[in-house]
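Colleague: I'm new to this structure and would love a close look at one part of it. Could you take me through the ligand and its surroundings, and then the smaller empty space in the protein?

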Amino acid sequence: MNEQIPELREPLLQTDRVPLIAGNWKMNLDHLQAIALVQKLSWALKDARHDYGETEVAVFPPFTDLRSVQTLLAADKLSLVLGAQDVSPHESGAYTGDISAAMLAKLEARYVLVGHSERRHGHGESDELVGQKALAAHRAGLVPMICVGETAEDLEEHGAAAIPLAQLAAAVSSLPKDAEFVIAYEPVWAIGSGQAATPEQAEEVAKAIRESLRDLCGDERAAATRILYGGSVASQNVAGFLRQPNVDGALVGGASLKSDEFAKIVQFKKHVTGA
Ligand code: PEP
């Protein structure tokens with residue numbers, strides 16, 4: 001007898017929060033490759049009769065691709081949502097190389113990543129700067145996707161939740177109480193390593209994040225905020241994360257660069273239940 005059947009029949013979603021599957025392309029794909037990927041992804045999701053109202057799908061291309069992807073989404077009336085990978089904390093002015101939140105909003109981006117570990121560690125971004133970026137995004141009408149996560153050393157020294165909660169408090173306290181944001185819990189040791197956290201590990205930290213959000217911005221905002229898991233998510237493991245009551249989606253790096261694999265991840269319910 002298949003012992004998994006009762007588990008498969010469990011509802012995957014236990015809240016009203018719309019799951020969000022977000023693809024962070026990092027520094028990959030030029031604008032022509034970006035168009036090709038979005039076209040293939042949208043065809044794959046159309047073939048699978050994907051319901052975008054049931055699971056939101058966002059892509060986070062490099063800055064140089066945003067205009068091309070925006071034009072394609074608008075021309076083909078695609079329901080994919082656009083996100084950016086970074087934003088300046090400043091509104092405008094003498095900040096060579098920076099891209100403002102207003103520029104991203106003009107490109108119809110909805111989300112922007114702030115505090116990704118590759119920026120915290122590779123570019124020395126502090127909690128304070130992450131908070132300023134989140135605020136700049138909010139002021140321009142974007143939704144910051146605040147990334148938090150512990151390194152392997154943090155995990156050993158402080159346990160899983162301490163660093164993510166400290167990073168969360170620093171970023172959220174820079175925002176007004178009614179600001180919308182998404183949290184991406186990404187253990188640094190799991191990013192790009194092929195060694196994902198277990199669903200239970202992800203849930204433990206996601207639950208602690210939601211509890212902390214109650215103190216930081218009240219019960220209603222805490223209940224409404226989506227908390228994603230990120231770190232070596234693939235079609236084979238995504239459903240385990242989405243089964244957890246406090247995990248509302250996934251931030252996907254490497255696997256978002258393959259249209260078929262990303263489409264399978266988006267279809268997490270189907271490939272588990274066979275529905
Ligand atoms: C990421 O870049 O946010 C990420 C989670 O990467 P990967 O899925 O490749 O681990």
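Modeller: Happy to! A polar contact here means a pair of N or O atoms within 3.5 Å. Please keep in mind that this is a predicted model.

Let's begin with His116: an N or O atom of the His116 side chain is 2.8 Å from an oxygen atom of the ligand. The side chain of Asn24 also takes part, with an N or O atom 3.3 Å from a ligand oxygen. Gly192 uses its backbone instead, placing an N or O atom 2.6 Å from an oxygen of the ligand. The ligand on its own would expose 290 Å², and the protein buries 95% of that.

Looking at the whole shell, you will find 14 residues around the ligand, and Lys26, Glu186, Gly192, Ser232 and Gly253 come nearest. By type, the shell has eight polar residues, four nonpolar and two charged.

Now for the empty space. Searching the whole structure turns up two cavities of 30 Å³ or more, and the second largest has a volume of about 40 Å³. Two residues you have already met, His116 and Glu186, are in its lining, along with others including Ser117, Arg120, Cys147 and Gln167. Helix α5 (117–122) and strand β5 (143–148) are the elements that give two or more residues to this lining. Its residues divide into five polar, three nonpolar and two charged.

So His116 is a good place to start exploring: its side chain has an N or O atom 2.8 Å from a ligand oxygen, and His116 also helps line the second largest cavity.

Notes
Residues are numbered from 1 along each chain as its sequence is written. This is a predicted model: local features need pLDDT of at least 70, side-chain atom pairs count only at pLDDT 80 or more; totals for chains, interfaces and linings use all residues. Side-chain values use heavy atoms; hydrogens and water are left out. On a 1 Å grid over the protein atoms alone, a cavity is a set of points where a 1.4 Å probe fits but cannot get out, and a pocket is an open set with protein on both sides within 12 Å along at least five of seven lines; lining residues have an atom within 4 Å of a point. Grid points are joined across faces, edges and corners, and a volume is the space filled by probe spheres set on the points. Helices (H or I, at least four residues) and strands (E, at least two) are DSSP runs, numbered from the N terminus. Ala, Val, Leu, Ile, Met, Phe, Trp, Tyr, Cys and Pro count as nonpolar, Asp, Glu, Lys and Arg as charged, and the others, Gly among them, as polar. A residue is near a molecule or strand if one of its heavy atoms lies within 4 Å of it. A polar contact is a pair of N or O atoms within 3.5 Å; within protein, one must be able to donate a hydrogen and the other to accept it, and residues adjacent in sequence count only if both atoms are side-chain atoms. Accessible areas come from the Shrake-Rupley method with a 1.4 Å probe; for residues, only the protein chains shown count as cover.
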